[in-house]
Amino acid sequence: MKKLLLLTLLGVALTACANSPKVKPVAQNANDTAPFPAAQVGFTRYAIHLPAITNENNTKVEVIIGKEMNVDCNFHNLGGVVKQEELKGWGYSYYVVEKTVGNISTLMACPEGTNKNQFVTINHNLGLFNYNSSVPLVFYVPNDLQVKYRVWQPNAKTMQATAE
């Protein structure tokens with residue numbers, strides 16, 4: 001009787017392990033996925049490796065490129081051009097910040113002592129990226145810039161628009 005109970009418990013445990021979802025390991029380097037080019041002199045390669053989640057089709061990724069700067073009370077941003085390139089033979093995209101222009105700001109008069117450190121961004125036109133845990137998002141940016149990102153998922157509640 002004890003052997004039967006032990007075999008039953010062992011069978012249940014093995015079934016549970018076999019039916020558990022398989023989590024794909026996240027690549028540690030962009031070259032684990034494809035042969036992305038090395039960064040040129042004066043540039044840094046950033047790769048965003050996203051973990052596998054359910055409903056990746058409902059999720060988007062916002063990429064923020066910029067640098068920490070000491071700024072006053074004006075609205076500040078960096079000018080720049082971000083170009084999409086294709087990894088030949090693979091069909092994957094990567095992105096290169098080609099040009100950056102210094103600090104662009106409004107010209108309001110600011111009170112003394114209003115300076116603060118702030119992450120100043122490039123206003124690029126890439127929009128939101130589709131969430132894809134299989135392929136990293138790869139960016140080449142000048143050494144003085146950083147790449148940050150934010151994951152956007154839909155709220156469970158949908159709202160009805162007003163017909164006018």
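Mentor: Buried means under 20% relative accessible area. The model discussed here is predicted.

Trainee: What percentage of the 164 residues in the protein chain is buried?

Mentor: A residue counts as buried when its relative accessible area is under 20%. Applied to the 164 residues of the protein chain, that cut-off gives a buried portion of 26%.

Trainee: In what order do the elements of the protein chain run from the N terminus on?

Mentor: The protein chain has one helix and eight strands. Read from the N terminus, the order is α-β-β-β-β-β-β-β-β.

Trainee: Among contacts between residues at least 6 apart in sequence, what percentage joins residues at least 24 apart?

Mentor: Contact here means heavy atoms within 4.5 Å. Taking the contacts in the protein chain between residues at least 6 apart in sequence, the portion that joins residues at least 24 apart is 78%.

Trainee: Which cysteines form a disulfide?

Mentor: The cut-off for a disulfide is a pair of cysteine sulfur atoms within 2.5 Å. One disulfide is counted by this rule. Its sulfur atoms are 2.1 Å apart, and they belong to cysteine 73 and cysteine 110.

Trainee: How many residues apart in sequence are the parts that this pair ties together?

Mentor: Cysteine 73 sits in the loop between strand E2 (60-71) and strand E3 (76-87). Cysteine 110 sits in the loop between strand E4 (92-105) and strand E5 (116-121). The pair therefore ties together parts whose separation in sequence is 37 residues.

Trainee: Is cysteine 110 buried, partly exposed or exposed?

Mentor: Buried requires a relative accessible area under 20%, and exposed requires over 50%. Cysteine 73, at 29%, is partly exposed. Cysteine 110 has a relative accessible area of 25%, so its class is partly exposed.

Trainee: Which element gives the largest share of the largest nonpolar core?

Mentor: That core has 20 residues, of which Val63, Ile65 and Phe139 touch the most other members. Two or more residues come from each of E2, E3, E4 and strand E7 (137-142). The largest share is five residues, and the element that gives it is E2.

Trainee: Where does another core lie, and which residues are among its members?

Mentor: This core lies apart from the largest one and has eight residues. Among its members are Ala30, Leu87, Val96 and Tyr140.

Trainee: Leaving aside neighbours within four places in sequence, which residues are in contact with phenylalanine 139?

Mentor: Phe139 is one of the residues that touch the most other members of the largest nonpolar core. With those sequence neighbours left aside, its contacts are Thr44, Arg45, Tyr46, Ile48, Val63, Ile65, Tyr95, Leu126, Phe129 and Val147.

Conventions: Residues numbered from 1 in each chain as written. Predicted model: local features only at pLDDT ≥ 70, side-chain atom pairs only at ≥ 80, totals over all residues. Heavy atoms only, no water. Helix = DSSP H or I, 4+ residues; strand = E, 2+ residues; numbered from the N terminus. Buried < 20%, exposed > 50% of the residue type's maximum accessible area, 1.4 Å probe, protein only. Core = buried A, V, L, I, M, F, W, Y, C linked by side-chain atoms within 4.5 Å.
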